Amino acid sequence: MRLLAPVALAAALLLTGCGTGSDPAAAKLSVRSAYIPQPVSDTMAAGFLTIVNEGGAKDELTSVTSTAAGSVTLHETVGSSMREVDSLDVPAHGRLEFRSGGSHLMFEQLRRKPVEGETVTVELHFAASGPLKVDIPVESAVYTPKTGH
């Protein structure tokens, strides 16, 4: 029995090292340049951010949730029309940019109108990676980020 305990401990440690965090080919996701312009509407808002993937595998943003809204949907702009999409690719060693005039988050059925200086917490859900929780600052309605998006 005394010999089994060290063997079990060694096996547990070995399995712990096999997670996606140690896989160099896995997606490694982070978020930058997130903001929500203070909405004019009491019921809808747009959100912008950049998801950076420093890993060797692509992933897919499949949904976004937030207690601030009844729903958060993914939208892309093609030409001059906006359309809702089910998912968006985050390429390996690349980025997915949500920016004004392009892909963006649409917060619908706001529980209350967010105002400049507050933050809105969202959770990003991916096809392969675990969820990412992000606190997005609410900026002025005319805010232009240094990143240009």
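**H104, its surroundings and the salt bridges**

The side chain of H104 comes within reach of a backbone oxygen, that of G102, at 2.9 Å. This is a predicted model, and the distances and areas in this passage are computed from it. H104 belongs to strand 8, which covers residues 104-110. With a relative accessible area of 7%, H104 is buried, because anything under 20% falls in that class. Leaving aside residues up to four places away in sequence, H104 touches G47, F48, T73, L74, H75, T77, M82 and F98.

Stepping back to the whole chain, the secondary structure adds up to one helix and 10 strands. Reading from the N terminus, the order is α-β-β-β-β-β-β-β-β-β-β, so to speak a helix and then a run of strands. The protein chain has 149 residues, and 34% of them count as buried. Among contacts in the chain with a separation of 6 or more, 70% come from residues 24 or more positions apart. As for the surface, about 8,800 Å² is exposed, and carbon and sulfur atoms supply 55% of that.

Charged side chains come next. How many salt bridges does a search of the whole structure find? It turns up six. One of them pairs E76 with R83, with 2.4 Å from N to O. The two ends sit in unlike settings: E76 is buried at a relative accessible area of 17%, whereas R83 is partly exposed at 46%. The label for E76 follows from the cut-off, because buried means under 20%.

Another salt bridge brings R112 and E118 together, at 2.9 Å from N to O. Is R112 buried or exposed? R112 is exposed, its relative accessible area being 52%, and that label applies because the exposed class starts over 50%. Its partner E118 is partly exposed, at 24%. Elsewhere, salt bridges with shared partners tie R95, E97 and R99 into one network. Within that group, the side chains of R95 and E97 meet at 4.0 Å, N to O. R95 has a relative accessibility of 46% and counts as partly exposed; E97, at 28%, is partly exposed as well.

Put briefly, H104 is a buried residue whose side chain reaches the backbone oxygen of G102, and the salt bridges include one with a buried partner, E76, and one with an exposed partner, R112.

Note on methods
Residues numbered from 1 in each chain as written. Predicted model: local features only at pLDDT ≥ 70, side-chain atom pairs only at ≥ 80, totals over all residues. Heavy atoms only, no water. Buried < 20%, exposed > 50% of the residue type's maximum accessible area, 1.4 Å probe, protein only. Helix = DSSP H or I, 4+ residues; strand = E, 2+ residues; numbered from the N terminus. Polar contact = N/O pair within 3.5 Å; in protein donor to acceptor, adjacent residues only side chain to side chain. Contact = heavy atoms within 4.5 Å. Areas by Shrake-Rupley, 256 points an atom, 1.4 Å probe, with all protein chains shown as cover.
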